[in-house]
Amino acid sequence: MSSLFEPFNLGAITLKNRVAMAPMTRSRAVDEGKADAQTALYYTQRASAGLIISEGVAISEQSQGYLFVPGLYTEAQVEAWRPVTESVHQAGGRIFAQLWHVGRISHPSARADGGAPVSSVAVQAKNSTCYGYRDDGTPGRIPPATPRALSIAEIQQTIEDYAQAAENAIRAGFDGVEIHAANGYLIEQFINATLNTRADRYGGATIENRARLALEVLDAVVARIGGERTAIRFAPFGRFADMHPFADEEQTWLYMAEQLNARTLAFVHFNNQLSGDQRCIKPDFLGRFRAAYDGVLMMAGGLNRALADSLLNEGLIDLAAFGVPYIANPDLVARMQNNWPIATPNAETIYGGGTEGYTDYPAYQSA
Ligand SMILES: Cc1cc2nc3c(=O)[nH]c(=O)nc-3n(C[C@H](O)[C@H](O)[C@H](O)COP(=O)(O)O)c2cc1C
């Protein structure tokens, strides 16, 4: 019995199935971070998912680290998203906006204001890239610049930026927001003990201090738009963007589970990242987190129909998210349901460019 195709009640909304489209940056925003008609078409083609989570969306100019990423911090950006959410809703879909601050994975050339990156501490990310302008003026992957540590006043401003972006997302017609606290970006740069050696209440030795930014962002967003419309994404044990192991790593995530239980949220979303040939979230950890956390749990990372079904049926997750499979399979739900073939995307057209590799992947047609 497959529960993947059964409806699911998510707070005030009903999802028509338990399939989610995972957030994916596609680097196709037009002038100053705006969605356009192609963005609307792309998401509408994928509206048979129970829930779409948008690509990472910048919450402020400071939060940008990749060119051509859309934003939700100017009125023009809010206006530009409205036709996207309307079109998805008309097609019977639901869509959350993913709120993103890259922290230190940035460079002055990736920001319109030319500002330097910020983080928990002034430590440059090694073996990582952001997306800015190279010395010869062409856009491309470049090493992130050395960040400066945010002051307490700037942390307060950043929290306000998340809350304002969440309010803007609702005004733009999104059904809710997912706070991006995964993949080595700003919030994880505070959670990670190897990196975050701050001496104030936002860092250092205690789990409470390192989790504080994530939880204060969450509380500010919940206060602004309501818990039923607020989700958060983590990548426990993820090593992306120069994140390293730390002593109380599992305790950190179990502490987070306890703190999340004290709040009403739409869902918690795990990205089960690939690190080398290993997935970061081990099954025994997933079981322990699941036992500790009372709310709705979504997970992405290497899933297919069979794996998603077994996780759902074992009760380990409630919703299954798919990233790469959604690039070349707009009708992924129907393909999985009918056991039709799953197409592989062209790696050359994933980021940037026009409609090719974006809105031109067809739905499956049997011969
Ligand atoms: C092209 C691409 C862009 C992505 N952009 C984001 C993003 O903006 N935010 C995020 O949280 N994860 C991002 N991810 C990670 C995906 O959401 C997902 O967790 C990951 O691809 C694993 O799922 P999969 O194996 O089904 O692809 C991206 C992945 C891909 C392939």
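In these legends, two residues are in contact when heavy atoms of theirs lie within 4.5 Å. Everything shown comes from a predicted model.

**View 1. Gln-77, a residue of helix H2.** Is Gln-77 buried or exposed? With a relative accessibility of 2%, Gln-77 counts as buried, because the cut-off for buried is under 20%. Skip the neighbours within four places in sequence, and the contacts of Gln-77 are Glu-32, Gly-33, Lys-34, Gly-71 and Leu-72. Leu-72 gets a polar touch too: the side chain of Gln-77 reaches the backbone nitrogen of Leu-72 at 3.3 Å.

**View 2. Helix H1 and its buried residues.** Helix H1 runs over residues 37-45, and its buried residues are Thr-39, Ala-40, Tyr-42 and Tyr-43. Why do they line one face of the helix? Look down the axis of H1: the buried residues fall within an arc of 165°, so one face is where they sit. Here's a handy bit of background: an α-helix has 3.6 residues a turn, so residues three or four places apart point the same way. What do the buried residues of H1 pack against? Their partners are strand E3 (19-21), strand E4 (51-58), helix H2 (75-90) and strand E5 (95-100).

**View 3. The cap on H1.** Which residue caps the N-terminal end of H1? That job goes to Asp-36, with a side-chain oxygen 3.0 Å from the backbone nitrogen of Gln-38.

**View 4. Helices H3 and H5, packed together.** Two packed helices are described by the angle between their axes and the distance between the axes. For H3 (residues 152-171) and H5 (residues 207-225), the angle is about 35° and the axes are 9 Å apart. Their crossing is right-handed. Among the H3 residues at this meeting place are Ile-155, Ile-159, Tyr-162 and Ile-170, while the H5 side includes Leu-213, Val-217, Ala-220 and Arg-224. Sorted by class, the contact has eleven nonpolar, two polar and four charged residues.

**View 5. Arg-134, in the loop between strands E7 and E8.** The loop that holds Arg-134 links E7 (130-133) and E8 (139-142). Arg-134 has 40% relative accessibility, so Arg-134 counts as partly exposed. The side chains of Arg-134 and Thr-138 are joined by a polar contact of 2.7 Å. Leaving out neighbours within four places in sequence, Arg-134 is in contact with Pro-139, Gly-140 and Ile-142. And how about Met-24? Arg-134 and Met-24 are 110 residues apart in sequence and 24 Å apart in space, going from C-alpha to C-alpha.

Key. Residues numbered from 1 in each chain as written. Predicted model: local features only at pLDDT ≥ 70, side-chain atom pairs only at ≥ 80, totals over all residues. Heavy atoms only, no water. Axes fitted to C-alpha atoms, helices over the stretch in contact; angles between N-to-C directions. Helix = DSSP H or I, 4+ residues; strand = E, 2+ residues; numbered from the N terminus. Left-handed = near helix turned anticlockwise from the far one by under 90°. Nonpolar A, V, L, I, M, F, W, Y, C, P; charged D, E, K, R; others polar. Buried < 20%, exposed > 50% of the residue type's maximum accessible area, 1.4 Å probe, protein only. Arc of directions from axis to C-beta. Polar contact = N/O pair within 3.5 Å; in protein donor to acceptor, adjacent residues only side chain to side chain.
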